[in-house]
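Grab a pencil and work through a few short exercises on the structure below. Each task comes with a worked solution, so try it yourself before reading on.

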Amino acid sequence: MSNVVSSAASVVANRGAITACVILAVIMQALDTTIANVALPYIQGSVSASADQINWVLTSYIVAAAIMTPPSGFLAAKFGRKRVLLVAIFGFVAASVLCGLAQSLPQIVGFRLLQGFFGAALVPLSQGILLDIYSVEERGSAMALFGVSVMVGPVLGPVIGGWLTDNISWRWVFYINVPIGILAFMGISVFVKETKIDAQAKLDWFGFGMLSLAIASLQLFLDRGQQLDWFSSSEIVVEAMVCAAAFYLLLVHTFTAEKSFINPRLFLDQNFTVSMIFIFVIGVTYLASLALMTPYLQSLMGYPVITAGIVMGPRGLGTMVCMFLVGRLIGKVDTRILIFLGLAITAWAMYDMMGWTPDVSQWTIVYVGFIQGAGLGFLFVPLTTIAFATLPAHMRGDGTGLYNLSRNIGSSVGIAVVSALLVENVQRNHADIVSYVTPFNHAFQAKAAAGLDPTTVAGASALDSIITLQSTIIAYVDDFKLLMIMSLAVMPLLFVLRKPAKAPAVDHSVAME
């Protein structure tokens, strides 16, 4: 009994140090979700990749992280949470160095897969540690800090990545993980205590294999569908069939096996199940909009890489401010109201972005970005809090893995879908507008003197450039509209969420036994 008391006292005394260490690990992993975005044109030139191939630098990382997130609970139970966390940090840093040294597209994509493989455990295990060392009353503030590290990382990524790429080299967007990783590794080694090891823990390899196969084939289907004209390609048909079959087998296995990879009892918790849908949509809308903004600013508006990163930075500031504010409001204001405000603010930001053109001012980009970040601040903390408020403590490890899996899949699906729609809509819009460009259209007779005569080669070329620009602007508007609709469409689910009853305080010794 005295050992338990002293262990709990030690946890409380070192809680600040433990929090700082795990937050460092989370920031390192979260940064790499988007830090390479602004560097993609430079990486593309270095490894001689096409525009569609280079996107694998982003999606390969997210897919690997999505696949390896759910087993994090099993690995922690089998080998100990601290030990798994340290191996994950070491492997992540080593893979980051290899990414910086890569000389070809297969190399950098392979090393990014390795990064995602090791980095997947960092977020759920860190979240589990914070949930264990803070009481229910303090958990809102703890999840606010955790949320800042998870969601501000992708926002600060373009800023840091832009500065490093512009002033040093794109390779340093990966090398920056080395000092962060060393600090996190040393801190966790010293302050975090090991958990109990369950030598009898077993992994459901069939369920894990089906989940991995479903995620991988889905990502291939989404990434290559537009390029191969979707179902006119036999490859896309095969990938769709494999994804559907793997998901079906996973679903049947989950609800029929004695001990499946995904614990079906998790879905009996209404708040957790609905929260998974919410976090999926957040993953889609937030990271997909970030993936759209980088080419919009650099290609359409002609911003240098460092300027594009700087004007996107205020999103992170909005997220940080509102997350800390909401952390103090948790328990005082109904979390469902906070989530509603977050969705409404996000939808408004997307609505405003629907009116953007390449002439939009930097100030508009800054304040709309701040508002969008604020919307996320109102979403992430209350959603995370309510997702685990009614979930039993012994299911928390599986729950955090599945919850973060939903966010990762949402991110990868969102990026793939908006990228595919962007290319497809540019082509469709171009064809629609071109149908009106004829020598018989009187609107062009007045433009002929300005060099826009469609009957001349020079005039036709100039008109084509203008039409392509306008088609691209409309395609971006369509994507922003889709993200706005998704934010509004999930609002009715708020009526399904239940206000949790006040739970007893957390026993801080649980994490250290």
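Three exercises with solutions follow.

This is a predicted model, in which local features need pLDDT of at least 70 and side-chain atom pairs count only at pLDDT 80 or more, while totals for chains, interfaces and linings use all residues. Residues are numbered from 1 along each chain as its sequence is written, and side-chain values use heavy atoms, with hydrogens and water left out.

**Exercise 1.** Decide whether Cys-99 is buried or exposed, and find how many disulfides there are.

*Solution.* Start with the cut-offs: buried means under 20% relative accessible area, exposed over 50%, and partly exposed in between (1.4 Å probe, protein chains only). Cys-99 has 0% relative accessibility, so this residue is buried. Cys-243, at 15%, is buried too. Next, apply the disulfide rule, a pair of cysteine sulfur atoms within 2.5 Å. The count is zero disulfides.

**Exercise 2.** Place Ser-406 in its helix and list its contacts beyond four places in sequence.

*Solution.* Helices are DSSP runs (H or I, at least four residues), numbered from the N terminus. Ser-406 belongs to helix H20, residues 396-434. Its relative accessibility is 8%, so Ser-406 is buried. Now look for contacts, meaning heavy atoms within 4.5 Å: setting aside neighbours within four places in sequence, Ser-406 touches Met-276, Ile-279 and Phe-280.

**Exercise 3.** Which helix holds Phe-90, and is this residue buried or exposed?

*Solution.* First locate the residue: Phe-90 sits in helix H7, residues 81-101. Then check the accessibility: at 61%, Phe-90 is exposed.

Note on methods. Helix = DSSP H or I, 4+ residues; strand = E, 2+ residues; numbered from the N terminus.
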